[in-house]
Amino acid sequence: MGKVTFLNPEFLWLFLVLPIAIAWLFYKRNQLSATLKMSSLEPFKQNRSFLAKAKPFLLVIRLLALAFIIIALARPRSVDVTSKSKTTKGVDIVMAIDVSSSMLANDLKPNRLEALKKVASTFVQDRVNDRIGLIVYAGESYTRTPVTSDKAILLQSLKTIEYDDSILADGTGIGVGLATAINRIKDSKAKSRIVILLTDGVNNSGTIDPRTAADIAKEYGIKVYTIGIGTNGKALFPVAKDANGKLVFKMMPVEIDQKLMQEIAKTTDAKYFRATSNRKLKAIYDEINKLETTEIDEQKFYNYDEKYRMFALIAFVLLGIELVARNTIFRGIV
């Protein structure tokens, strides 16, 4: 059974009348029955019949009937609500993620790449009605996951991202990463098309100028939200590998081309963000999530099951019992 509601809840205020009715009946109790005046009632006090003792319960029945009438007037009914949603104007999103070796710097915990993967996964799960794709880039770029509505595939792809210099040449090719992302959604028919471009360095690789890529994005009406990730000052960066193939870390200054990232965002009518901690990175994705909303057409269907008839029937049965009893077995009771 669904949630019970009242169509006319104002009638429930009538319950305030019941205490008044009880008080009035108690006050008038001696006038509601026939009386016989005698010099002494002592001989009758010990001989009251069961019916005489039970007669006051007729008033209880009447009050119960009144209570059920009040509930019936309030029109109780159960409501079952079913919803049908339809995405009318969706958003296509491509996340372009820097996977260069500097993303292993541990100024974010446990490192920049792992912190990003965690936040990006939450972002993907929140965008239930949108299609999302995934681009990774370093000195080069490639499509890791095409734009898709299958969040399970996307989340698995995000989870398995790691730095691997055997797949991509090391470096930071912001221009090629952005160009690949644009190529993935330029022909999309979605209401809004956006790229979330994240980097932790300066453009030092690739054959495409990032500003040229930004102009192309603008031509196609694609917004590019840019994120610079990394703390202010210095951080432990991987600088080499030891004899066992393990990365060697060294304190290095954090360098992010914020001016370039701001230009890209401004060119495409988007925003630039700086993530200097895990908390700020999460806040940035939360803000983008709010900025780019999807319009949903939701239809709700209400199925009402009226319950007042049962209460009205009980009230009339009680009144009938009270009326019959008063005019039959209790008729001659003093």
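Start with the secondary structure: color by it, and eleven helices and eleven strands appear. The model is a predicted one. Of the 334 residues in the protein, 41% are buried. Now turn to contacts with a sequence separation of 6 or more: residues 24 or more positions apart account for 80% of them.

**Stop 1: the largest nonpolar core**

Select Met 95, Ile 196, Ile 227, Leu 281, Tyr 285 and Ile 288. These residues have the most contacts inside the largest nonpolar core, which has 35 residues. Next, show the elements that build this core. Strands S3 (91–98), S4 (131–137), S6 (192–199), S7 (223–229) and S10 (272–275) each supply at least two of its residues. So do the helices H5, H6 (151–159) and H10. Which element gives the largest share of this core? Helix H5 does, with seven residues.

Leave that core for a moment. A second, separate core has 27 residues, including Ile 182, Ile 222, Met 261 and Ala 265.

**Stop 2: around Met 95**

Go back to Met 95 and show its neighbors, leaving out residues up to four places away in sequence. Met 95 touches Ala 120, Phe 123 and Val 124. The list of its contacts also holds Ile 132, Gly 133, Leu 134 and Ile 135. Leu 158, Ile 196 and Tyr 285 complete the set. Keep Phe 123 and Tyr 285 on screen for the next stop.

**Stop 3: an aromatic pair**

Three aromatic pairs turn up in a search of the whole structure. One of them joins Phe 123 and Tyr 285 in an edge-to-face arrangement, with 5.4 Å centre to centre and 70° between the planes. Why is the pair called edge-to-face? Its planes are 70° apart, and the label applies because the angle is over 60 degrees. The pair links distant parts of the chain: Phe 123 belongs to helix H5 (residues 112–126) and Tyr 285 to helix H10 (residues 278–291), 162 residues apart. Are these two residues buried or exposed? Both Phe 123 and Tyr 285 are buried.

**Stop 4: the second largest pocket**

Select Ser 102, Gly 201, Asn 204, Phe 237 and Glu 255. The second largest pocket has a volume of about 320 Å³. Of the 16 residues that line this pocket, the five selected are the closest to its centre. By type, the lining divides into six nonpolar, seven polar and three charged residues. Now show strands S8 (234–241) and S9 (247–253), which each supply at least two lining residues. S8 gives the most, with three residues.

**Stop 5: backbone details**

Most residues other than glycine have a negative phi, and most peptide bonds are trans. Three places to inspect follow.

- Zoom to Lys 109 and Pro 110. The peptide bond between them is cis, with omega near -5°. Pro 110 sits in the loop between S3 and H5.
- Select Arg 75. Its phi is positive, about 60°, although Arg 75 is not a glycine. Look for Arg 75 in the loop between helix H4 (57–73) and strand S2 (76–89). Arg 75 counts as partly exposed because its relative accessibility is 24%.
- Finish at Asp 269. This residue, also not a glycine, has a positive phi near 60°. Asp 269 lies in the loop between helix H9 (258–267) and S10. Its relative accessibility is 60%, so Asp 269 counts as exposed.

Definitions and conventions:
Residues numbered from 1 in each chain as written. Predicted model: local features only at pLDDT ≥ 70, side-chain atom pairs only at ≥ 80, totals over all residues. Heavy atoms only, no water. Phe/Tyr/Trp six-rings, centres within 6.5 Å; stacked < 30°, edge-to-face > 60°. Helix = DSSP H or I, 4+ residues; strand = E, 2+ residues; numbered from the N terminus. Buried < 20%, exposed > 50% of the residue type's maximum accessible area, 1.4 Å probe, protein only. 1 Å grid on protein atoms, 1.4 Å probe; cavity = no way out; pocket = protein on both sides within 12 Å on 5 of 7 lines; lining within 4 Å. Points joined across faces, edges and corners; volume = space filled by probe spheres on them. Nonpolar A, V, L, I, M, F, W, Y, C, P; charged D, E, K, R; others polar. Core = buried A, V, L, I, M, F, W, Y, C linked by side-chain atoms within 4.5 Å. Contact = heavy atoms within 4.5 Å.
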